[in-house]
Amino acid sequence: MAVSLQHYMVLATILFTCGVIGVMFRRNLLMVLMSIELMLNAANLVFIAASRNVNGLDGQVMVFIVMTVAACEAAVGLAMVIALFRKYGTIRTDFLRVLRG
Amino acid sequence: MGLELNEFTINLIAFVVKFAIMMLIVLHVAPLMVWFERRAPAMMQRRKGPNRVGIGPFRLFGLFQSLADAIKLIFKEEVVPDGANKFFYHAAPVFALFPALLVATAIPYGPDITIMGYRVPLSITNVDVGFLFIFAVASIAVYGIALAGWACNNKYSLLGSLRASAQMVSYEIPLGMSLIPAVLVYQTLDLNQIVMAQERGLWGVFTMPVSFLIFLICMFAETNRAPFDLAEGESELVAGFHTEYNSFKFSQFFLAEYTSMFTLSCLASTVFFGGWSIPFISNAQIAELLANPFIPGQYIAAAIGFGALLLKAAFFMWLYVWVRWTLPRFRYDQLMSLGWKFMLPIALANVVITAGVLVMMRHQIGS
Amino acid sequence: MFALALFYSIAALLVFCAVMVVSRRNPISSAIYLVISLFLVACLYATLGADFAAAIQVLVYAGAIMVLFLFVIMLLNLDPEHLRGPEMHGGEIVVLLLTIGGFLGIVIAMATAAPTLPSGIFTLDAIEKVGGNTLVVGMKLLVNYIWAFEMASFLILLAIVASIVIAKKPKAEVPSTTERGH
């Protein structure tokens with residue numbers, strides 16, 4: 001039995017679940033950002049595994065673009081973490097509630 | 001027994017032999033460099049270096065000093081600082097050493113040899129994306145330094161390690177960019193193909209001189225050596241990120257530094273100085289000249305190629321020591337502005353100009 | 001057979017590291033586990049024949065983005081109230097169970113479906129003949145997806161400018177030395 005697409009999708013779903021649980025239940029903003037990176041990697045894994053089945057290498061090109069976007073998002077997110085810490089002294093998501101209605 | 005000599009078995013045996021030889025050589029570079037690092041400046045400064053340690057009546061120009069140092073470092077007591085994070089304190093030297101050794105596996109140490117009809121390349125891992133693999137792995141070395149400084153619970157270590165890791169990350173970019181023209185000129189990412197292309201044509205240093213200069217300077221900065229060693233400068237932050245490391249862990253950092261010096265020297269000689277090839281003679285001609293009934297000519301040619309590569313790498317190692325003991329240290333802000341405001345634009349312009357020249361040349365040849 | 005064993009071992013390690021990322025108290029431990037996970041994902045890409053993607057994953061993700069994370073964590077010097085593990089208040093356990101249940105359902109649905117095996121003309125041998133994975137992916141990127149490529153580079157420029165502006169220290173009033181008559 002060779003490694004099929006189902007194997008990779010199950011693995012990616014497990015990774016994505018870990019990421020979602022991290023975003024929901026961690027109160028540290030840096031941990032939330034790291035869980036988002038985990039989710040993005042799960043999606044990338046599905047892209048590359050699926051590009052083997054579809055008649056083309058578009059999946060690998062998409063992964064390149066997704067990695068670029070993830071890098072930009074991490075950079076801007078971390079800059080915001082630094083700015084928030086400087087202003088409010090905390091990066092706990094419970095205490096950052098200025099925009100709350 | 002079910003052992004047939006097919007391609008897989010031959011490659012497996014060759015892998016084990018290559019790995020053993022390469023590990024022997026790479027792990028012995030560090031003690032040799034320790035000795036050389038003290039004798040060469042002594043020569044330059046008109047004094048004698050260490051020359052007392054000897055076994056019996058043999059002093060061997062002070063080579064046994066390295067042995068004495070190694071024995072001392074192994075048997076010294078390890079003092080772990082009080083509030084240190086135990087796991088990362090012990091894990092950081094591994095993060096520093098692992099990439100240095102892994103990069104050494106991707107470099108072609110000699111020409112391809114044919115054993116029983118199967119082609120055996122003389123690099124331990126034969127990756128098609130040779131360059132990318134080397135840079136990808138070398139970028140992990142930053143973690144060793146960052147974790148080492150943080151895990152020690154010491155302000156000066158943390159500062160030193162953050163400075164060193166920022167420096168390494170900044171100079172990784174021009175280092176990689178200076179090798180993009182090599183990919184453009186030789187049309188391949190595989191290091192073995194690049195050496196064979198240089199064997200047929202000109203050495204890389206003549207076709208891409210600016211790349212070589214940028215690579216040389218960034219090579220010094222990547223290994224935290226020579227004029228860029230502010231982070232471990234002896235008179236600055238005590239010993240920087242490895243202040244709290246003693247005995248065996250300190251020797252692991254040392255080993256990591258000298259190993260990455262050696263592998264970057266090998267990389268420089270592979271891309272710019274022809275690697276294992278000797279100018280004006282091709283590998284096939286050497287094999288023919290030295291053909292004898294006892295050992296097939298190609299093995300002797302491979303050994304000569306290996307020796308040529310080691311000679312070129314030795315030249316770069318000597319250059320490292322020479323530059324270290326000649327030039328004064330950069331200040332940190334000078335270092336960072338050199339990396340970002342000077343090296344990076346020149347590397348970018350180099351890529352653009354090389355690409356433009358190549359397009360024009362190929363247009364002339366093609367049409 | 002060997003491919004399947006390799007996949008299962010990498011996958012087991014990967015799931016372990018992902019769970020560690022989410023559950024550690026110390027952000028630096030989580031970051032290091034995330035680096036290891038990214039490295040393992042790159043190994044998976046390599047087994048799928050996507051050499052270029054694997055190398056770029058280690059270079060960009062594990063080698064640059066996570067270093068940035070590590071820098072920020074070390075520089076922020078968080079106090080113990082930030083160093084708590086996952087926190088669940090009251091009714092949130094229901095949300096956790098629903099999430100796990102939902103994804104478990106997806107996993108079971110996929111695992112019991114008929115396996116799809118690789119097909120198509122882009123087999124590994126065909127790609128090797130043309131010049132390697134990097135060449136083919138590069139051609140596709142720069143010929144078919146050139147717009148996405150240029151937009152991505154513009155996005156990087158925007159991100160650089162944005163992060164510098166956001167993270168800059170606000171200009172404080174510094175008494176100039178010239179006022180004292182030096």
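Let's start where chain C meets chain B. In this predicted model, the two chains bury about 1900 Å² between them. Carbon and sulfur atoms give 82% of that area. Which elements of chain C give two or more residues to this side? They are α2, residues 27–47, and α3, residues 51–76. Of these, α3(C) gives the most, with 13 residues.

Now the kinds of residue. The side of chain C that touches chain B has 15 nonpolar residues. Four more are polar and two are charged. Count the residues in contact and you get 21 from chain C and 21 from chain B.

How many salt bridges are there between chain C and chain B? Zero. Polar contacts do turn up: two residue pairs across this interface, both at pLDDT 80 or more.

Next, the contact between chain A and chain C. Here about 7100 Å² is buried. Carbon and sulfur atoms carry 76% of it. Which three residues of chain A supply more of its buried area than any other three? Phe25(A), Arg26(A) and Met34(A). Together they supply 10% of the area that chain A buries against chain C.

The contact takes 69 residues from chain A and 86 residues from chain C. The salt bridge count between chain A and chain C is zero. For polar contact, the rule finds nine residue pairs across this interface, both residues at pLDDT 80 or more.

Look at the helices on the chain A side. Three of them each supply at least two residues: α1 (5–25), α2 (29–53) and α3 (58–88). The top contributor is α3(A), with 22 residues. By class, that side of chain A has 46 nonpolar residues, 16 polar ones and seven charged ones.

Last, chain C by itself. What is chain C built from, helices or strands? It has seven helices and zero strands. Follow the chain from its N terminus and the order reads α-α-α-α-α-α-α.

Chain C has 182 residues, and 37% of them are buried. Its accessible surface comes to about 10600 Å². Carbon and sulfur atoms hold 72% of that surface.

One more number, on contacts inside chain C. Take the contacts between residues at least 6 apart in sequence. Of these, 53% join residues at least 24 apart.

To recap, chain C touches chain B through 21 residues of its own, and chain A through 86. Both interfaces have zero salt bridges. That's the tour.

Terms used:
Residues are numbered from 1 along each chain as its sequence is written. Chains are lettered from A and ligands numbered from 1 in the order in which they are written. This is a predicted model: local features need pLDDT of at least 70, side-chain atom pairs count only at pLDDT 80 or more; totals for chains, interfaces and linings use all residues. Side-chain values use heavy atoms; hydrogens and water are left out. Helices (H or I, at least four residues) and strands (E, at least two) are DSSP runs, numbered from the N terminus. Buried means under 20% relative accessible area, exposed over 50%, partly exposed in between (1.4 Å probe, protein chains only). Contact means heavy atoms within 4.5 Å. Accessible areas come from the Shrake-Rupley method with a 1.4 Å probe; for residues, only the protein chains shown count as cover. Buried area is the accessible area (1.4 Å probe) that two parts lose on being put together, summed over both. A salt bridge is a side-chain nitrogen of Lys or Arg within 4 Å of a carboxyl oxygen of Asp or Glu. A polar contact is a pair of N or O atoms within 3.5 Å; within protein, one must be able to donate a hydrogen and the other to accept it, and residues adjacent in sequence count only if both atoms are side-chain atoms. Ala, Val, Leu, Ile, Met, Phe, Trp, Tyr, Cys and Pro count as nonpolar, Asp, Glu, Lys and Arg as charged, and the others, Gly among them, as polar.
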